[in-house]
Amino acid sequence: MIKPGRLIVVTGPSGVGKGTLVRLLLTRHPQLYLSISTTTRQPRPHEVEGQHYYFVSQDTFQQMVSADELLEWAEYAGNYYGTPRKPVEQHIQRSESVLLEIELEGARQIQQTFPTALRIFILPPNVAELEQRLRGRGQDSEEAIARRLERAKAEIEAANEFDVQIVNDNLEEALSKLEAAIF
Ligand SMILES: Nc1ncnc2c1ncn2[C@@H]1O[C@H](COP(=O)(O)OP(=O)(O)OP(=O)(O)O)[C@@H](O)[C@H]1O
Ligand SMILES: Nc1nc2c(ncn2[C@@H]2O[C@H](COP(=O)(O)O)[C@@H](O)[C@H]2O)c(=O)[nH]1
């Protein structure tokens, strides 16, 4: 059994399948709470305010940082992303476990502030497959894909900083490993 009120961080390069794995995990384990991030990125066509992200201006994001309303935040590929503090703390206080799906710099901040958090790194089978997944997703411009792939190299090198590393090759197998790490 998972310990109550645990913080679980899922990190890995963009396009590796974190969101896909987390969505599947939530359908099997609806008791987990997924934090909804704030971002200055423009919404993608299918994205819904308050469901995928809270989409805010740079000014609003900066105000949230100044007011210490974010548990962690980072600049990523030209946009800002952060975890709203209050909902996470409320769920943890209620002994509910919370999932953060965030990039490397944010995960490093969580390591400082929540050293007991379980930190999981999702790896691609190889970089060519990662690129194929980013392109296949069809959501990002060529420039955005290039920036994400550039960042991916440094991210992958940091995988050993994490408690658990999971290669997302076969999706079902990766999901089973994610469940085994958490439960
Ligand atoms: N095991 C897998 N095999 C093949 N394709 C996969 C696998 N896992 C995910 N994908 C596909 O890869 C693409 C990227 O997945 P996803 O959006 O979940 O990545 P992500 O890590 O959440 O990216 P980001 O960090 O940018 O949000 C999607 O099209 C998804 O369907
Ligand atoms: N440090 C944080 N990183 C976050 C947060 N929410 C999402 N992310 C990560 O950003 C990249 C890009 O996301 P995309 O939706 O533009 O593809 C990806 O690695 C996300 O995991 C956050 O609150 N903090």
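Is Arg44 buried or exposed? Arg44 is buried, at a relative accessible area of 12%. The legends below all describe a predicted model.

**View 1. Arg44 in its loop, with its contacts.** Arg44 sits in the loop that joins strand 3 (38–39) to strand 4 (54–55). Its relative accessible area is 12%, under the 20% cut-off, so Arg44 counts as buried. Neighbours within four places in sequence are set aside here. Beyond them, Arg44 is in contact with Arg137, Gln139, Asp140 and Arg148.

**View 2. The residues that UniProt lists as "binding site".** The annotation comes from an unreviewed UniProt entry. It names Gly12, Pro13, Ser14, Gly15, Val16, Gly17, Lys18 and Gly19. Of these residues, Gly12, Pro13, Ser14, Gly15, Val16, Gly17, Lys18 and Gly19 are included in the lining of the largest pocket.

**View 3. Gly12 and Ser14 in the loop between strand 1 and helix 1.** Gly12 lies in this loop, after strand 1 (7–11). Gly12 has a relative accessible area of 2%, and is therefore buried. Residues up to four places away in sequence are not counted as its contacts. With that exclusion, Gly12 touches Lys18, Ile102, Phe121, Ile122 and Glu155. Ser14 belongs to the loop between strand 1 and helix 1 as well. At 7% relative accessibility, Ser14 is also buried. Leaving out residues up to four places away in sequence, Ser14 touches Tyr76, Leu130, Leu134, Arg137, Arg148 and Glu155. Glu155 thus appears among the contacts of Gly12 and among those of Ser14. Arg137 and Arg148 touch Ser14 and are in contact with Arg44 too.

**View 4. Helix 1 crossing helix 7.** Helix 1 spans residues 18–28, and helix 7 spans residues 171–182. Their axes come within 10 Å and cross at roughly 60 degrees. The crossing is right-handed. Helix 1 contributes Thr20, Leu21, Leu24, Leu25 and Arg28 to the contact. Helix 7 contributes Leu171, Glu172, Ala174, Leu175, Leu178, Glu179 and Ile182. By class, the contact has 8 nonpolar, 1 polar and 3 charged residues.

**View 5. Phe162 and its surroundings.** Phe162 is placed in the loop between helix 6 (142–157) and strand 9 (164–167). Phe162 is buried, with a relative accessible area of 4%. Setting aside neighbours within four places in sequence, Phe162 is in contact with Thr11, Leu104, Ala107, Arg119, Ile120 and Phe121. One of these, Phe121, also touches Gly12. Phe162 and Ile36 are 126 residues apart along the chain, and their C-alpha atoms are separated by 22 Å.

**View 6. Two loop residues with positive phi, Ala77 and Ser95.** Most residues other than glycine have a negative phi. Ala77 has a phi near 45 degrees, a positive value. Ala77 lies in the loop between strand 5 (70–76) and strand 6 (79–84). Ser95 has a positive phi of about 65 degrees. Ser95 is found in the loop between helix 3 (85–93) and strand 7 (98–101). At 44% relative accessibility, Ser95 is partly exposed.

**View 7. The annotated domain, residues 5–183.** The unreviewed UniProt entry gives this stretch as "domain: Guanylate kinase-like". Over residues 5–183 the chain is 44% helix and 21% strand. The end C-alpha atoms of the stretch are 13 Å apart.

Notes: Residues numbered from 1 in each chain as written. Chains lettered and ligands numbered in written order. Predicted model: local features only at pLDDT ≥ 70, side-chain atom pairs only at ≥ 80, totals over all residues. Heavy atoms only, no water. Axes fitted to C-alpha atoms, helices over the stretch in contact; angles between N-to-C directions. Helix = DSSP H or I, 4+ residues; strand = E, 2+ residues; numbered from the N terminus. Left-handed = near helix turned anticlockwise from the far one by under 90°. Contact = heavy atoms within 4.5 Å. Nonpolar A, V, L, I, M, F, W, Y, C, P; charged D, E, K, R; others polar. UniProt positions renumbered as here; feature names shortened; annotations may be inferred. 1 Å grid on protein atoms, 1.4 Å probe; cavity = no way out; pocket = protein on both sides within 12 Å on 5 of 7 lines; lining within 4 Å. Buried < 20%, exposed > 50% of the residue type's maximum accessible area, 1.4 Å probe, protein only.
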